[in-house]
Amino acid sequence: THRPTSSPSGRAGERAGARAGAMADELIALFGKITTDDHEQLVDQFSKIMQVDPHVSTFFLEASSWNVETAVHNYLASQQGLYARDQQPLPLTSPPQAVFTSDLAPWQSRPFQGGTKLPIHLRFQNTGTAPWPADTYLIFVDGEIMGAERGIGVQAAPGETVEVVLVLTVPPNEGTHMGSWRLACSAGYFGEPVYMIVNSHHAAPPVQFAPSEFHRPSAMQQQEAQHEQAQFDQLMSLANNSLRLGHGQQNDHSMGDN
């Protein structure tokens, strides 16, 4: 009789599942050494061990009723979904690289009324040696999409920092909501996932944003901003050097007087 065999993609999925299960067991054993019911300490330890933002830790722990084992499994399950397209190696000679440089704390640390549109500016730097592929997008991969676009085209030359405006609509049902986005091209995902966490509450003060906040800066505006920042950094460097030189001359005069 013919015995059915699994496909290469199926075997890859089985291996990924086995690795995730082993990782979950190791992490749960590590958390087992933490003897505390203090939520702040659990968030702090979860953040350090899982290497994620405290807001992400809080989301998974709260969603799991502060059961660490459940939170670990849920987090790893979300990561399996994020990396599903990464089972095949990138065929590029120079895989694209990126670093997320925005601070999301101001958005994640306050509540908003349901229905509020949030123009969240996300900045990414190309830390690789080649431009990102022409088909590079910031795409939605997991969680709640919250009315945002599923994909936004983005390009960056080596060393360049680019900005993407992700417009989220705060869900009407109160509580904490999370979605994740990530840079991707036809070769797969690259860079770390970006977790968008939004708190919805009916009593939150209303907020309004200028229409310009909902538009992505033009390439020229981004270049001008980077040029201004480079000039400012150069000016500060010169000022610091002058200050150190002045202190040195004062010290030389003091030693001469003595």
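The following is an exchange about how the terms used for this predicted model are justified.

Colleague: What should I know about the model before reading any value?

Modeller: It is a predicted model, in which local features need pLDDT of at least 70, side-chain atom pairs count only at pLDDT 80 or more, and totals for chains, interfaces and linings use all residues. Residues are numbered from 1 along each chain as its sequence is written, and side-chain values use heavy atoms, with hydrogens and water left out.

Colleague: What is the mean pLDDT of the protein chain?

Modeller: pLDDT is the predictor's confidence in each residue, from 0 to 100. The mean for the protein chain is 75, and 62% of its residues reach 70 or more. Over residues 1–13 the pLDDT is below 50, and this stretch has 5 contacts beyond near neighbours in sequence; a contact means heavy atoms within 4.5 Å. Residues 82–91 also stay under 50, with 27 contacts beyond four places in sequence. Where pLDDT is low, the predicted coordinates should not be read in detail.

Colleague: How many helices and strands does the protein chain have, and what makes a run count as one?

Modeller: There are 6 helices and 8 strands. Helices (H or I, at least four residues) and strands (E, at least two) are DSSP runs, numbered from the N terminus. Strand E2 covers 111–112, so with two residues it meets the minimum for a strand.

Colleague: Why are E4 and E7 said to pair?

Modeller: Two strands pair if DSSP finds at least two bridges between them. Strand E4 (residues 137–143) and strand E7 (residues 175–185) are joined by 6 bridges, so they qualify, and they run antiparallel. One of the bridges puts glycine 143 opposite glycine 179 in E7. E7 also pairs with E8 in the antiparallel sense, over 10 bridges, including that of tryptophan 181 with valine 194 in E8. A hairpin of 2 residues joins E7 to E8.

Colleague: Why are E2 and E5 at the edges of their sheet?

Modeller: The sheet is open, with 5 strands in the order E2-E8-E7-E4-E5 and mixed pairing. Strand E2 (111–112) and strand E5 (151–153) each have a single partner strand, so one side of each is left without a neighbour in the sheet. Helix H3 (residues 54–63) packs on this sheet, touching E7 and strand E8 (188–200), and its direction makes about 125° with that of E7. That angle is taken between N-to-C directions, on a scale from 0 to 180 degrees, with axes as lines fitted to C-alpha atoms, for helices over the stretch in contact.

Colleague: Which strands form the other open sheet, of 3 strands?

Modeller: Its order is E1-E3-E6, with antiparallel pairing. Strand E1 (99–100) and strand E6 (161–169) are at the edges. E3 and E6 are paired over 9 bridges, and leucine 122 has valine 164 in E6 as a bridge partner.

Colleague: How do you know that glutamate 163 and arginine 123 form a salt bridge?

Modeller: A salt bridge is a side-chain nitrogen of Lys or Arg within 4 Å of a carboxyl oxygen of Asp or Glu. Here the N to O distance is 3.8 Å, so the pair passes the cut-off. It links glutamate 163 in strand E6 to arginine 123 in strand E3, 40 residues apart. The whole structure has 1 salt bridge.

Colleague: Why is glutamate 163 called buried and arginine 123 partly exposed?

Modeller: Buried means under 20% relative accessible area, exposed over 50%, and partly exposed in between (1.4 Å probe, protein chains only). Glutamate 163 has 14%, so it is buried. Arginine 123 has 32%, so it is partly exposed. Threonine 127, in the loop between strand E3 (117–125) and E4, has 38% and is also partly exposed. In E7, 9 of its 11 residues are buried.

Colleague: What makes a group of residues a nonpolar core?

Modeller: The residues must be buried Ala, Val, Leu, Ile, Met, Phe, Trp, Tyr or Cys, joined through side-chain atoms within 4.5 Å. The largest such core has 29 residues, and Trp132, Leu168 and Met196 have the most contacts inside it. E3, E4, E6, E7 and E8 each supply at least two residues of this core. Another core lies apart from it, with 17 residues, among them Val43, Val72, Tyr75 and Met178.
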